[in-house]
Amino acid sequence: MSAWLPTAPCTPQLCAPRSDGLCRGPFAASARLLAGVAAVVLGILLIPLVALFDAGLRDRLTQGWTRTVIRLFGLRIRVEGPGPELSSGAPGGVLVVANHISWLDIPLIATLYPGRLLAKSDIRRWPVLGMVAELGGTLFVERERLRALPGTVRDIQGALRAGSRVIVFPEGSTWCGRDQGRFTNAVFQAALDAGADVRPVRIGYRPLGPAAFVGDDPLAVSLWRTVVAGGLTAEIEVLPLIPAGSHPDRRSLARAAQGAVAGATHTAVASDSANRPASSVHQCANSIPAPASSERTVV
């Protein structure tokens, strides 16, 4: 097991078998799915054009696009905490770190914090999407080559020094949202070296099950589970900024960020359990169970 590819105990069978409550019918769900996919494709086609605009306009267009995609897939969005900012007086950009539950996390973060995503290097070789990622300024990490890690840290540091937001999911694997993995330390070294603030963000979904993208869950099944689930709400909690220089080393900085997100996550999970509706006779279709532990990862 690579240090950049930790695994989680979450599987679709355990974490996302169904959603309690009313669900969309097949026709309404299909319409949601087609509309969401069309919006994604349109955004991809427009990336080369949008890349020519200034940073401020690019950010606004990205926020509008990702918010549209999220809503077309049938999710409501609720945001708590202060609005986005580039930095709070510290030099350079901001390292935005969040827990990782689903493929939905990426557009969700971009609705508040458009920036340069850290992704696995495999994506660079994907047809079409690899080119899109390059054009979007994605930073890449070779998870199987620890010797390449210092170079990745330097790339993140350079982006932060240049004033960019860098978005990272430091757990390295998706979890279902009821628990959380340990934050890896390396990306926090880049923030220390660049003198950049760290912005922890908690991502959550109500109910938790339908949005979870874990284990060997096929993307098509996850997409269908998402559009079928009625009343699915995506929640973003923007947590207090961790100022540059407030921690002496990357380990303590990683622990502080993880602790902030974990505290918010546990509170949200308890609240979700307390307010979850009773089981309904109308229940969403089960996902395909997968025995493997989660290896979905952006970082």
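The buried residues of helix α8 pack against helix α2, and that is a handy place to step into this predicted model. Helix α8 covers residues 219–228 and is mostly covered, with seven of its 10 residues buried. Those seven are Val-221, Ser-222, Leu-223, Arg-225, Thr-226, Val-227 and Val-228. Note that an arginine, Arg-225, is on that buried list together with the valines.

Stepping back for a moment, the protein chain has nine helices and seven strands. Of its 299 residues, 50% count as buried. If you like thinking in contact maps, take the contacts between residues at least 6 apart in sequence: 84% of them join residues at least 24 apart.

Now follow α2 from α8 to another partner. Two packed helices are described by the angle between their axes and the distance between the axes, so let's start with those. Helix α2 (residues 26–50) and helix α3 (residues 55–72) have axes that come within 8 Å and cross at roughly 165 degrees. An angle over 145 degrees counts as roughly antiparallel, and α2 and α3 are therefore roughly antiparallel to each other. The crossing of α2 past α3 is left-handed. On the α2 side, the contact uses Arg-32, Ala-35, Gly-36, Ala-39, Val-40, Gly-43, Ile-44 and Val-50, while α3 brings in Arg-58, Leu-61, Trp-65, Val-69, Arg-71 and Leu-72. Sorted by class, the residues of this contact come out as nine nonpolar, two polar and three charged.

Next, the sheet. Seven strands make an open sheet with mixed pairing, and reading across gives the order β1-β7-β6-β2-β5-β3-β4. At the edges sit β1 (76–80) and β4 (139–141), each pairing on one side only. From one strand to the next, the twist averages 25 degrees. Helix α7 packs on this sheet, where it touches β2, β3 (116–120), β5 (165–168) and β6, and its direction makes about 155 degrees with that of β2.

A good strand to walk out from is β6, residues 197–206. Nine of its 10 residues are buried, so β6 is largely enclosed by the rest of the structure. On one side, β6 runs parallel to strand β2 (residues 94–98), and five bridges join the two. To find the register, look at Val-96, whose bridge partner in β6 is Arg-199. With strand β7 (residues 233–238), β6 pairs in the antiparallel sense over six bridges. Here Tyr-205 stands opposite Ala-234 in β7, and Arg-206 has Thr-233 as its bridge partner in β7.

Arg-206 is worth a second look. Most residues other than glycine have a negative phi, and most peptide bonds are trans. The peptide bond from Arg-206 to Pro-207, however, is cis, with omega near -10 degrees. Pro-207 itself lies in the loop between β6 and α8, so to speak on the road back to the helix we began with.

Going the other way across the sheet, β2 and β5 pair in the parallel sense over four bridges. Val-94 stands opposite Arg-165 in β5. Strand β5 is also joined to β3 by two bridges, again with the strands running parallel, and there Leu-117 stands opposite Ile-167. The side chains of β5 split neatly: Arg-165 and Ile-167 point one way, Val-166 and Val-168 point the other way, and all are buried.

That leaves the helix pair that includes α7, the one packing on the sheet. Helix α6 (residues 149–161) and helix α7 (residues 186–194) pack at an angle of about 45 degrees, and their axes are 8 Å apart. That angle makes α6 oblique to α7, and their crossing is right-handed. Helix α6 makes the contact through Leu-149, Val-153, Ile-156, Gln-157, Leu-160 and Arg-161, and helix α7 through Ala-186, Val-187, Gln-189, Ala-190, Ala-191, Asp-193 and Ala-194. The class breakdown for α6 with α7 is nine nonpolar, two polar and two charged residues.

Conventions. Residues numbered from 1 in each chain as written. Predicted model: local features only at pLDDT ≥ 70, side-chain atom pairs only at ≥ 80, totals over all residues. Heavy atoms only, no water. Axes fitted to C-alpha atoms, helices over the stretch in contact; angles between N-to-C directions. Parallel < 35°, antiparallel > 145°, perpendicular 65-115°, else oblique. Left-handed = near helix turned anticlockwise from the far one by under 90°. Contact = heavy atoms within 4.5 Å. Nonpolar A, V, L, I, M, F, W, Y, C, P; charged D, E, K, R; others polar. Buried < 20%, exposed > 50% of the residue type's maximum accessible area, 1.4 Å probe, protein only. Pairing = 2+ DSSP bridges.
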